[in-house]
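Biologist: I am new to this structure and would like to learn how to read it. Could you walk me through a few of its features?

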Amino acid sequence: MMSPELPRADPPGASLPQHPDFLWRDADPRRRYQVVIVGGGGHGLATAYYLARNHGITDVAVLERGWLAGGNVARNTTIIRSNYLWEASAGIYEHALRLWEGLEADLGYPILFSQRGVLNLAHTPQEVRDGVRRVHANRMAGVDAEWLDPAGVARVCPIVNVSPDVRYPVLGATFQPRGGIAKHDHVAWGFARAAHALGVDLIQHCEVTGIDTRAGRVVGVRTTRGDIATDTLALSAAGHTSVLAAMVGLAVPIQSHALQALVSELLRPVHPTVVMSNAVHVYVSQAHKGELVMGAGIDAHNSYSQRGAAHVIERQMAAAVELFPVFARAHVLRTWGGIVDVSPDASPIVGLTPVDGLFLNCGWGTGGFKATPGVGWCYAHTIANGKPHPLNAPFTLDRFTTGALVDEHGAAAVAH
Amino acid sequence: MMLIPCPWCGPRNETEFHYGGQAGVAYPADPQALSDEEWARFLFVRANPKGLFHERWCHTAGCRRWFGVVRDTVSHEIRSVEVNA
């Protein structure tokens, strides 16, 4: 049950592999592509890779307004799990998890996927009931899940304070042994390298400034590096999706917020798994290099600034020290923020739009990293076939009209 | 941490306030007359601009009154404050 691959003897940082000399070509945009993907983050790069690998579509450009993989894929806390409550969610996240399990071999690149398990703590009787229910739902959906009592939590993660005399005692936890973490930069670079090798153009510092349509269908994009003709435009821009969708008059039901995370200095291996807590709201793992990696909740107000407020970090630190008294003497090395796109039901929107040739992938909110290979696979299928893959079919834009929401608020084991 | 100018109490720390999202979203005058698309738009779709945003805040740890501000969502600068929103 415990992770065997934590480097007990090596000094911090010793287990990180070297990069190859060459990752991808920094392409200049051509004037026409079969498919243009907007957003060179994890999702956009994975989509480009699976378009080429699964569907043979290689006349593809990925446009990135900044540098490749510099947005949320570089800013998240790298937690991977599939223990969502609803079947629709478990379907796409478990598909992603199975792809994660073979991704290193598939990409031919070390992504340091470590299945050290994910604990979701329960601190109230209601959280216990919800957790047990989710364990049953997960098992029925083919997702590995266990319910642990406080002693079981302490066996998996000895540094969690499971004593009953704290403000929010640990009453139990769900445990997904196949969950874990990966090295997020390596994931993005691995997809970029593999997509480039299959013929995809990766174009940096290329911001989309307009979308051209004719008779209700996409004919091209305008960018800071010139106009590009295409009849298939796939948005994958997370917190900036509303800005892009507005270029064709499309209002998307998402709100952009800053989400913060932080790391400590490099420490000897002390934390063997991933711990998430809804009630005190912090999630913690220890990166391969040795930093404690912690994530918080979103800042309440809408924001396009990639920074958050200090009081949110302070609250998160208080929660972490309560759960892990041993962290009290660690230091914050740095904090940062990313812009996340939060949807009304805390589930993503992946599929077609009212504009022909315009595809939408957004609304992943605070949890998009874990889905990277799964959404890339399904979004590529959607783009190649002009209709959703069965696993993203529940996540249409029009579910907000039909009422068929996939309500993962609270149900998804973390408060989004 | 933003310093938010409550129109009644003056400038206070952001932690004293509760966020209310987009301002000026009126309940439909005749909900029964709305199509499913129009009802979905009222329920779920809010403006999400990169730039100036007209939004509501409540001074929950102070006077407990709602008010409106126009704030830049990139710089977080508050441009104007209004009593009714």
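Modeller: Here we take the contact between two chains, then a strand, then a single residue.

Modeller: This is a predicted model, where local features need pLDDT of at least 70 and side-chain atom pairs count only at pLDDT 80 or more, while totals for chains, interfaces and linings use all residues. Residues are numbered from 1 along each chain as its sequence is written, chains are lettered from A and ligands numbered from 1 in the order in which they are written, and side-chain values use heavy atoms, with hydrogens and water left out.

Biologist: How much area do chain A and chain B bury between them?

Modeller: The size of an interface is often given as the accessible area lost when the parts come together. Here chain A and chain B bury about 1900 Å², 57% of it on carbon and sulfur atoms (accessible area lost, 1.4 Å probe, summed over both parts). H301(A), N302(A) and Y304(A) supply 31% of the area that chain A buries against chain B, more than any other three residues.

Biologist: How many residues does the contact take from each chain?

Modeller: There are 23 from chain A and 23 from chain B, with contact meaning heavy atoms within 4.5 Å.

Biologist: And how many residue pairs are in polar contact across the interface?

Modeller: The rule finds 13 such pairs, both residues at pLDDT 80 or more. A polar contact is a pair of N or O atoms within 3.5 Å; within protein, one must be able to donate a hydrogen and the other to accept it, and residues adjacent in sequence count only if both atoms are side-chain atoms.

Biologist: Now the strand β19(A): why is it described as largely enclosed?

Modeller: Buried means under 20% relative accessible area, with a 1.4 Å probe and protein chains only. In β19(A), residues 358-362, 5 of the 5 residues are buried, so the strand is largely enclosed by the rest of the structure. L358(A), L360(A) and C362(A) cover one side, F359(A) and N361(A) the other. Strands here are DSSP runs of E, at least two residues, numbered from the N terminus.

Biologist: Which strand runs antiparallel to β19(A)?

Modeller: That is β18(A), residues 349-352, joined to β19(A) by 4 bridges; pairing needs at least two DSSP bridges. V350(A) has N361(A) as its bridge partner.

Biologist: Last, is T223(A) buried or exposed?

Modeller: T223(A), in strand β10(A), counts as buried at 8% relative accessibility. The T223(A) side chain reaches the backbone nitrogen of R225(A) at 2.8 Å and the backbone oxygen of G226(A) at 2.6 Å.

Terms used:
Buried area = accessible area lost by both parts, 1.4 Å probe. Buried < 20%, exposed > 50% of the residue type's maximum accessible area, 1.4 Å probe, protein only.
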